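Work through the following exercises with the sequence and the coordinates at hand. Each task is followed by a solution in steps.

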Amino acid sequence: MEALSANIKEDLKPPRVNIGIIGWVRANLFNGVFNSILTIVMLFLLWKTIPPLLQWAFIDSTWLAGSASCRQSPEGACWSIISKNFRFIIFGFYPYELQWRPLVAMIILFSLLFYSRNRNNWKKSLGYAWITGLILMGILMKGGLLGLKSVETTQWGGLPLTLLLAVFGLTAAYPLGVVLALGRQSKMKGVKVLSILYIELIRGVPLISLLFMSSIIFPLFLPEGITINKILRAQVAIILFTAAYIAEVVRGGLQGMTQGQYEAAEALGLNYYLTLRLVILPQALKIVIPPTVSILISAFKDTSLVVIIALFDLLKTTQSVLSNPEWMGFSREAYMFIAILYFAGCFSMSNYSRKLERELSRG
Amino acid sequence: MNKLSKGKRGNQAIDDPIIEISNMHKWFGDFHVLKGIDLTVQKKERIVICGPSGSGKSTLIRCINRLEEHQKGKITVDNIELTNNVKNIEKIRTEVGMVFQNFNLFPHLTIIENLTLGPIWVRKTPKAKAEEDAMFYLKKVNIEEQAKKYPGQLSGGQQQRVAIARSLCMNPKVMLFDEPTSALDPEMIKEVLDVMIDLAHEGMTMIVVTHEMGFAKSVAHRVLFMDFGQIVETNTPEEFFTNPQNERTKLFLSQIL
Ligand SMILES: Nc1ncnc2c1ncn2[C@@H]1O[C@H](COP(=O)(O)OP(=O)(O)OP(=O)(O)O)[C@@H](O)[C@H]1O
Ligand SMILES: [Mg+2]
């Protein structure tokens, strides 16, 4: 008995592992023959590729001079294609002297997004800020009010268009997807069948064909003289498409909920709507954050498909610069630039989702 | 009824029914689970239901707050008949607390949020008042120091006590317990039973499905024995355990005691 209690008393410190750089390298890169070989091969490949890439991109490169000097030093990157055409790539055919307006609109958008990152700021006032911001952005882009010159939507293009399609597309698709997922689980037969039909039909077609339908086939059915804005049609196609995928992911989350959670909420007297809002959805949506974000990220990138219906989004403005004889042949640099912009968008989304997951996983 | 409860510790049942069930039937598909249940529960009465697995005990008490729907007969709770009227169902559910075998706490909410959810959203209690009440009930079940934790950080016994407190926060007129201790390790059963015994002594109307015969003996006014969807025997705990009338009751008691 005595020996036993003596044993219990001694709380041992966890054993110290030898860390430090050498320890880390040994533990992670050279722990075993196979891993050591792999590490050496990787180092060799990096040594072969990274220095030449840096040389091309930063040392031999042309940054601001015209295309002529680019062609004189073909061994380096020609970033001039970006710097010389910057405003066209970003703003497309938006009237040159009015391009401050989409710029201000984007600044408003980014400020709102940035401010909304912190969940502590999610209050009613933030909702009002968003509504005001959206109206302001609309006025800035469209004009025709407050003494701003009107700009046709056919002239919208570049980054503002991409952001418009993406931000509206994703924020509208998400709630629609949740509603569809709930519809698919509904006890009401009609609602259930309609939801299933919708989800399966949409998932059975590629986004490109939806975009074609919205831009070519759909107008055929409209009475003469009535036209619906092309951007709006593309926007609706993106929303409908993304929502179907989100619905299936959310359904997975809903299936993860036990019957007991519904029953406990109902036993407290919560009605169906409150049960969903306070008990079921917060848990179900949290479980499916990672797959949801994958869908949102791919939807963001898929907005570039609107090029096929001749909307001048970021990708299309870049392509038209490349079709200019003066800049032909510098597609590497141009596409790299676009890739960086898309990457920044996607990376911040996935980064944010991880932050959100961390915050929500307490408990 | 009054006679049955004479001499019991704690409050006596009053002759004033709060739950009335008459000739109630329930089917799951073609399977006849409850076959004509007649049961009247008086205010402040405490009833223990026992019986073999699959006999319909859970289904019976789940019909009382409409987690299951009965197909025939009549159930009245606090003078409101249970029909498809959603408003009535919600009303009855606010008056009837339920404690489940698996606790069913909301894992995404802290303990205090679990407790205040119903009062704030259903009873429309102001948040500060709801939290004050919640702390009162947490103290009552001896876990006020856990208020800010999440359910996953608590032991089973603590979680079940939280679940009881969560129901009490709604200020119910009746409490239903469906095998509240059978998912617990033996050393935690007592802490939950103690809370339930305290509750009994304060005069709560309780219907408890349990095989804890010690609990039945010390607080129940009546013990019901169910088998094959029927109430086979009803008796005082003293009579029930020492002098069971029905053959099936005898067999059951010989197996569990
Ligand atoms: N949702 C359901 N659908 C179909 N059958 C069910 C359902 N719920 C319960 N049953 C069946 O009804 C019968 C009664 O179940 P119930 O849960 O009421 O039994 P119980 O007396 O509580 O048993 P236990 O002691 O095991 O909890 C069982 O045979 C069970 O299989
Ligand atoms: Mg049961």
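L146(A) counts as exposed because its relative accessibility is 72%, and the cut-off for exposed is over 50%. The model is a predicted one.

**Exercise 1. Which sign does phi of L146(A) have, and in which loop does L146(A) lie?**

Step 1. Phi of L146(A) is positive, about 50°, although L146(A) is not a glycine.

Step 2. L146(A) belongs to the loop between α7 (124-142) and α8 (158-185) of chain A.

**Exercise 2. Classify N23(B) as buried, partly exposed or exposed, and state its place in chain B.**

Step 1. The backbone of N23(B) has a phi near 45°, a positive value in a residue other than glycine.

Step 2. N23(B) is in strand β1 of chain B.

Step 3. The relative accessible area of N23(B) is 38%, so N23(B) is partly exposed. The class applies because buried means under 20% and exposed means over 50%.

**Exercise 3. Give the strand order of the open sheet of four strands in chain B and name its edge strands.**

Step 1. The order is β2-β1-β4-β5 (chain B), and the pairing is antiparallel.

Step 2. β2 and β5 (80-81) of chain B pair on one side only, which makes them the edge strands.

Step 3. Within this sheet, β1 (residues 17-28) and β4 (residues 72-77) of chain B run antiparallel and are joined by five bridges. In β4(B), K74(B) stands opposite S22(B).

**Exercise 4. Describe the burial of strand β7 of chain B and the directions of its side chains.**

Step 1. β7(B) spans residues 174-178, and five of its five residues are buried.

Step 2. In a regular strand, side chains alternate between the two faces of the sheet.

Step 3. V174(B), L176(B) and D178(B) point one way from β7(B), while M175(B) and F177(B) point the other way. All of these residues are buried.

**Exercise 5. Which strands pair with β7(B), and in which sense?**

Step 1. Strand β6 (residues 96-99) of chain B pairs with β7(B) in the parallel sense over four bridges. The bridge partner of V99(B) in β7(B) is F177(B).

Step 2. Strand β8 (residues 205-209) of chain B also runs parallel to β7(B), and five bridges join the two. M206(B) in β8(B) stands opposite M175(B).

Step 3. Helix α7 (residues 186-201) of chain B completes the picture: β7(B), α7(B) and β8(B) make a right-handed β-α-β unit.

**Exercise 6. Analyse the shell around ligand 1: its residues, its elements and its polar contacts.**

Step 1. List the residues. The shell consists of F28(B), F31(B), V33(B), P52(B), S53(B), G54(B), S55(B), G56(B), K57(B), S58(B), T59(B) and E179(B).

Step 2. Sort them by character. Four are nonpolar, six polar and two charged.

Step 3. Assign elements. β2 (31-42) and α2 (57-64) of chain B each supply at least two residues. The largest share, three residues, comes from α2(B).

Step 4. Check the polar contacts. A polar side-chain atom of S53(B) lies 2.6 Å from an oxygen atom of ligand 1, and a polar side-chain atom of S58(B) likewise lies 2.6 Å from an oxygen atom of ligand 1. From G56(B), a backbone N or O atom lies 3.0 Å from an oxygen atom of the ligand.

Step 5. State the cover. On its own, ligand 1 has 630 Å² of accessible area, and the protein covers 59% of it.

Notes. Residues are numbered from 1 along each chain as its sequence is written. Chains are lettered from A and ligands numbered from 1 in the order in which they are written. This is a predicted model: local features need pLDDT of at least 70, side-chain atom pairs count only at pLDDT 80 or more; totals for chains, interfaces and linings use all residues. Side-chain values use heavy atoms; hydrogens and water are left out. A residue is near a molecule or strand if one of its heavy atoms lies within 4 Å of it. A polar contact is a pair of N or O atoms within 3.5 Å; within protein, one must be able to donate a hydrogen and the other to accept it, and residues adjacent in sequence count only if both atoms are side-chain atoms. Accessible areas come from the Shrake-Rupley method with a 1.4 Å probe; for residues, only the protein chains shown count as cover. Ala, Val, Leu, Ile, Met, Phe, Trp, Tyr, Cys and Pro count as nonpolar, Asp, Glu, Lys and Arg as charged, and the others, Gly among them, as polar. Buried means under 20% relative accessible area, exposed over 50%, partly exposed in between (1.4 Å probe, protein chains only). Two strands pair if DSSP finds at least two bridges between them. A crossover is right-handed if, with the strands pointing away from the viewer, the path from the first strand over the helix to the second runs clockwise.
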